[in-house]
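Here's a walk through a model, section by section. Have the sequence and the 3D view open as you read.

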Amino acid sequence: MTAITGLTEQLSATTLLRFATAGSVDDGKSTLVGRLLHDSKSILTDQLEAVEAASLKRGQEAPDLALLTDGLRAEREQGITIDVAYRYFATTRRRFILADTPGHVQYTRNMVTGASTAELAVVLVDARNGVVEQTRRHAAVAALLRVPHVVLAVNKMDLVAYAEPVFAAIAEEFTAYAASLGVPEITAIPISALAGDNVVEPSANMDWYGGPTVLEHLETVPVSHDLASCKARFPVQYVIRPQTAEHPDYRGYAGQIASGALRVGEAVTVLPSGRTSTITGIDALGEAVDIAWAPQSVTVTLADDLDISRGDLIAPSGSAPRTTQDVEATVCHVADQPLTVGQRVLLKHTTRTVKAIVKEIPSRLTLDDLSQHPDPGQLVANDIGRVKVRTAEPLALDAYRDSRRTGSFLLIDPADGTTLAAGMAGDSFAAEAVKAVADDEGWDF
Amino acid sequence: MTTTAATVNGTDSPYALSHLDALESEAVHIFREVAGEFERPVILFSGGKDSIVMLHLALKAFAPAPVPFTLLHVDTGHNFPEVLEYRDRTVAEHGLRLHVASVQEYIDAGKLRERPDGTRNPLQTVPLTEAIQQHRFDAVFGGGRRDEEKARAKERVFSLRDEFSAWDPRRQRPELWQLYNGRHAPGEHVRVFPLSNWTELDVWQYIAREKIELPGIYFAHEREVFARNGMWLTAGEWGGPKESEKVETRLIRYRTVGDMSCTGAVDSDATTLDAVIAEIAASRLTERGATRADDKMSEAAMEDRKREGYF
């Protein structure tokens with residue numbers, strides 16, 4: 001049994017990486033995803049047989065791996081990816097959650113959705129076409145959502161004779177563009193998804209490339225953030241009060257640490273009330289610990305009996321965020337109904353939902369070329385724009401650039417509950433570009 | 001050549017979580033969101049491994065307080081006795097409240113008709129929906145996982161349903177960050193899937209790590225079975241075997257637990273959790289492909305059932 005126990009331990013000790021792919025069928029996205037799944041032995045026989053049978057029924061000779069992820073009938077009938085599909089695979093080194101998102105402009109919201117939880121984004125380009133409008137849009141989405149790692153997969157290298165200069169030129173152009181948008185880390189990899197070069201196995205055709213394959217990179221990219229540079233944030237989800245004979249006075253604050261680390265003995269401030277106390281205990285799902293960090297779900301006890309409820313934020317007193325009722329943010333509009341100036345909405349931030357009103361929509365942004373359209377009056381599905389929102393109650397809001405979890409929010413239609421927009425508080429390149437337009441000779445709207 | 005701005009050294013900081021810790025933390029967050037935002041949540045509990053893991057996570061999420069949810073079992077009437085015994089013992093042990101929606105009662109009352117193939121899985125939708133309406137449940141936890149099936153891969157963690165429980169995949173709310181939108185009108189409810197991002201292997205590894213007890217049918221045992229549609233089915237009162245189907249005693253175990261009429265067993269000598277995990281890690285078939293007749297009906301069988309309100 002030793003060998004099997006070893007296997008269990010080995011499988012249990014891996015970390016989890018959430019990543020997103022953006023691209024269209026033409027770039028070979030489905031082929032890349034299919035190859036990652038296939039070569040890591042994550043496509044099982046019955047799935048492959050089902051795909052083969054379905055492909056044959058459609059008159060295709062080779063199995064169409066897009067059918068693995070295009071799970072809805074409408075997608076299969078139209079041969080397009082409409083919605084985000086989540087795929088799961090594992091190697092001995094890591095477990096992966098892949099958000100496979102469609103690449104076309106009318107599905108920007110799906111790409112934004114996939115990128116919102118991703119720690120890495122794979123942007124695909126066709127080596128024959130280089131960086132095109134769609135590539136710039138995908139880079140912009142990754143930058144806007146602050147995905148920490150971006151991989152540029154320069155695909156179809158087999159169709160450009162595996163030529164290094166072709167790759168180098170594309171990599172250079174993309175890296176310069178993405179870096180100018182604030183993408184912190186860009187890794188360019190020359191691949192052929194169809195032939196298998198540098199996807200799982202190193203390519204024999206590109207000895208000039210010394211970097212990792214796509215899978216090697218996915219397996220080794222760091223997933224935990226640097227706790228020292230992140231301020232601790234603990235939104236209270238639920239107050240645990242057993243009121244039983246065994247625990248008559250227990251009062252624990254349950255939540256998931258949104259960023260940074262919490263320590264027993266630390267002085268903390270509760271927002272928005274501003275009251276202070278000290279952490280007396282951290283229960284990490286049954287285990288008492290001295291320190292816990294993001295994204296652990298824990299229950300915290302404090303020295304003082306404060307009035308704390310769902311929606312409050314606990315943060316170290318030395319680095320607590322300021323509260324505000326005026327939110328300036330970049331939003332991606334995700335609903336079919338528009339967002340208009342003067343509209344009354346609900347704003348959901350961490351565990352707190354408050355009433356709010358859209359005061360201004362200063363600009364709308366075209367992601368393909370970053371051109372600005374001032375005062376659009378409204379945002380419609382898949383638009384990216386700047387908004388100013390006034391909330392009925394104060395929020396302990398961070399800038400999205402400092403904390404994805406506590407700098408993000410949703411705007412919700414109070415009438416029917418529709419999620420209208422995904423918001424990222426504070427500045428982004430979407431705000432900065434306005435100035436460029438102002439001093440410029442002007443864009444052709 | 002690489003154009004990497006910062007290179008990777010392959011090691012994670014000591015503050016990295018294992019994938020099981022990350023999945024556990026995410027699921028607990030989901031349970032607590034529902035407890036914080038809904039009035040009458042319920043956990044669908046069948047006594048199958050996924051619902052057992054859900055209950056285990058809920059117990060951890062609210063300790064030392066009791067779980068603030070009730071349980072609902074949609075009983076097809078074709079149950080494995082070991083599973084029913086497990087269900088009742090668990091409910092008693094944790095002082096939980098269990099509701100049962102019985103497919104058999106619907107058939108006896110003439111409200112549902114038995115299908116010619118004897119399969120009762122699709123018949124669960126009506127009793128489930130009516131139980132949700134009757135008890136005014138506003139959040140219903142299901143153990144569905146996105147890795148199970150391609151239509152489920154498109155499912156949200158919070159999935160809004162109308163009063164008919166219908167799922168419209170084209171009208172789903174985008175789900176961003178960890179901000180779940182549970183707003184719903186009276187009569188509507190939200191299906192919540194805390195195990196969305198777990199795979200079958202994760203579930204088994206977690207069961208092993210947490211030393212969670214399971215019904216015995218998940219482990220290899222000798223059983224009288226017969227072959228139908230390439231699966232081993234247990235002989236029983238539900239209608240099998242037909243005259244042409246030969247009953248034999250085999251060493252098998254169940255990978256999934258559902259209605260006896262359409263849940264197949266697999267040949268296995270895995271009698272321990274470690275052996276089960278090794279078997280799944282090496283398996284070349286998905287658990288639904290290996291064990292569920294109802295998903296083999298058509299390419300979109302699951303999508304169609306989900307649209308009508310299935311789990």
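How many bridges join strand β17 (residues 323-333) of chain A to strand β23 (residues 384-396) of chain A? The two are joined by 9 bridges and run antiparallel.

## Before going further

This is a predicted model, where local features need pLDDT of at least 70, side-chain atom pairs count only at pLDDT 80 or more, and totals for chains, interfaces and linings use all residues. Residues are numbered from 1 along each chain as its sequence is written, while chains are lettered from A and ligands numbered from 1 in the order in which they are written.

## Chain A at a glance

Chain A has 10 helices and 25 strands (DSSP runs numbered from the N terminus: helices are H or I with at least four residues, strands are E with at least two). Of its 445 residues, 52% are buried. Here, buried means that 20 or more other C-beta atoms lie within 10 Å of a residue's own; with 12 or fewer it's exposed, and in between it's partly exposed, with C-beta atoms placed from the backbone.

Take the contacts in chain A between residues at least 6 apart in sequence: 70% of them join residues at least 24 apart. (Two residues are in contact if their C-beta atoms, placed from the backbone, lie within 7 Å.)

## Back to β23(A)

Let's stay with that opening strand. Where β17(A) meets β23(A), Glu328(A) has Lys388(A) as its bridge partner. β23(A) is also joined to strand β20 (residues 352-366) of chain A, by 7 bridges, again antiparallel. In that pairing, Ser363(A) is matched with Arg386(A) of β23(A).

## The six-stranded sheet in chain A

An open sheet of 6 strands in chain A follows the order β2-β3-β1-β4-β5-β6, with mixed pairing (strands pair if DSSP finds at least two bridges between them). β2 (85-90) and β6 of chain A sit at the edges with a single partner strand each, so one side of each has no neighbour in the sheet. From one strand to the next, the twist averages 25 degrees. (Axes are lines fitted to C-alpha atoms, for helices over the stretch in contact, and angles run from 0 to 180 degrees between N-to-C directions.)

Strand β5 (residues 149-155) of chain A pairs with β6(A) in the parallel sense over 6 bridges, and Val151(A) has Thr187(A) as its partner there. Helix α8 (residues 164-180) of chain A lies across β4, β5 and β6 of chain A, at about 160 degrees to β6(A). Helix α6 (residues 108-116) of chain A lies across β1 (15-23), β3 (94-102) and β4 (120-126) of chain A, at about 165 degrees to β3(A).

## A buried aspartate

Asp197(A) is in the loop between β6 (185-190) and α9 (214-220) of chain A. Is Asp197(A) buried or exposed? Asp197(A) counts as buried because 24 other C-beta atoms lie within 10 Å. Leaving aside neighbours within four places in sequence, the contacts of Asp197(A) include Met157(A), Asp158(A), Ser203(A) and Asn205(A). Asp197(A) and Lys156(A) are 41 residues apart in sequence, yet 9.3 Å apart in space, C-alpha to C-alpha.

## The nonpolar core

The largest nonpolar core holds 200 residues, and Ala121(A), Ala142(A), Leu152(A) and Val154(A) touch the most other members. Helix α1 (residues 19-37) of chain B gives the most to this core, with 9 residues. (Such a core is a set of buried Ala, Val, Leu, Ile, Met, Phe, Trp, Tyr and Cys residues joined through C-beta atoms within 7 Å.) Not counting residues up to four places away in sequence, Val154(A) touches several others, among them Val125(A), Phe167(A), Ala188(A) and Ile191(A).

## Helices in chain B

The axes of α1(B) and α6(B) come within 11 Å and cross at roughly 95 degrees. That makes α1(B) roughly perpendicular to α6(B) (65 to 115 degrees earns that label; under 35 is roughly parallel, over 145 roughly antiparallel, and the rest oblique). On the α1(B) side, Leu20(B), Leu23(B) and Glu24(B) make the contact.

Helix α2 (residues 49-62) of chain B is mostly covered, with 12 of its 14 residues buried. Those buried residues pack against β8 (238-240) of chain A, together with α1, β1 (41-44), β4 and α6 (200-210) of chain B.

Terms used: Expected span 1.5 Å × (residues − 1).
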